[in-house]
Amino acid sequence: MMTRFNDDVENISKLSDRPNIEDGYTAASLKALFDKAGVDIKKYINTVLLPELESTKAGESGADKIGSAPIASVPGNSVQAKLKALSEQINGIVNGTIPDGSVTPEKFSPEIAAFLTSASIRVNLYTEPGSHTFTVSRDGTYKFTVTGGGGGGGVDPDNTSHKLGGGGGATAVVFADLKSGDVCLLNVGAGGHGLVVTGNSLTTHASDGTGSSLTVNGALVATAEGGCAKKGKRAVATGGQINYSGGYPKAGDYYGTTGGEIELCFGGDSKLGNGAAFSEDTPGIGGGGCCGRYYGSGIYGAGTDGGSGAVMIEYMK
């Protein structure tokens, strides 16, 4: 508690109606009497009140002496007591003392609880070539992005002196309203192989990437072709609400030109990944591989593989 100011300040009201010398008052003593209340209050503020408010001594600090109205779940009657209780609660959180399982969705707003409940199935990404099964565990609208594998990089089969990056895989985008228990079969396409060289000789031309597909409850819903390893053909997608063709190989001067032609050295892009621009690059999802090389006199350099395809599943609502 703060020390109270209890001094008598009724100095003037106790005077007679006509205070005079006969009553024992001089001009100086009468003036002092008029000033006395202010002087006493000033002394109390400067020597008692402020030192108590400014004190930091444990148990006697200003915060110990200031009361506080009740705050739910924060015990104590003074500011200091409530600050201490809050500090202990915060330290408990920081130190991990909240028991496991004590924070449940019921303790959040309905909107936050719904979001947290769905978060574990909000995005699934499958990039390993082959078949995968996704079983729906929550009713709602899902977005499927299906991308074929990228084509391998090599040389133009019709003009082996011309370098040629692999084309990007196509992409189909599907929106579907699904129920818990629905079964989706996902087929992820592989990237095509780059130009294969044994010693200095061309052994095998680059190959196309393989396609990806989506089947829902036994019905084929969408397909996305793999990227091509030769000019004049682009990978296409079918069945989606949105369909993207695979990107063509891109022109590049990293390996120069042949016969004045602009060479398509760099792998084409897919909707989900970039093609490789150099032999050291790893193409992104569905991106085409970097070109092989022909040095003349039957001497070749290997191309790089295209990126694998993917199926991405997003829970929308």
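Biologist: How many bridges join strand β3 to strand β6?

Modeller: This is a predicted model, so let's read it with that in mind. Strand β3 covers residues 140-147 and strand β6 covers residues 171-178. The two run antiparallel, and Phe144 stands opposite Val174 in β6. The number of bridges joining β3 to β6 is eight.

Biologist: Which residue in β16 does Phe144 stand opposite?

Modeller: Strand β16 takes in residues 310-315 and pairs with β3 in the antiparallel sense. That pairing extends over six bridges. Within β16, the residue opposite Phe144 is Ile313.

Biologist: Is β3 mostly covered or mostly exposed, and how many of its residues are buried?

Modeller: A residue counts as buried when its relative accessible area is under 20%. β3 has eight residues and is mostly covered. The number of its residues that are buried is seven.

Biologist: Which strands stand at the edges of the open sheet, and why is one side of each left without a neighbour?

Modeller: Happily, the strand order tells us: this open sheet of five strands runs β1-β16-β3-β6-β13, with antiparallel pairing. Each edge strand has a single partner strand, so one side of each is left without a neighbour in the sheet. The edge strands are β1 (123-126) and β13 (242-244).

Biologist: By what angle are neighbouring strands of this sheet turned against each other on average?

Modeller: Here we look at neighbours in the order β1-β16-β3-β6-β13. With direction ignored, the average turn between neighbouring strands is 15°.

Biologist: What share of the residues of the chain count as buried?

Modeller: The chain has four helices and 16 strands. Of its 317 residues, the share that count as buried is 37%.

Technical notes: Residues are numbered from 1 along each chain as its sequence is written. This is a predicted model: local features need pLDDT of at least 70, side-chain atom pairs count only at pLDDT 80 or more; totals for chains, interfaces and linings use all residues. Side-chain values use heavy atoms; hydrogens and water are left out. Buried means under 20% relative accessible area, exposed over 50%, partly exposed in between (1.4 Å probe, protein chains only). Two strands pair if DSSP finds at least two bridges between them. Axes are lines fitted to C-alpha atoms, for helices over the stretch in contact, and angles run from 0 to 180 degrees between N-to-C directions.
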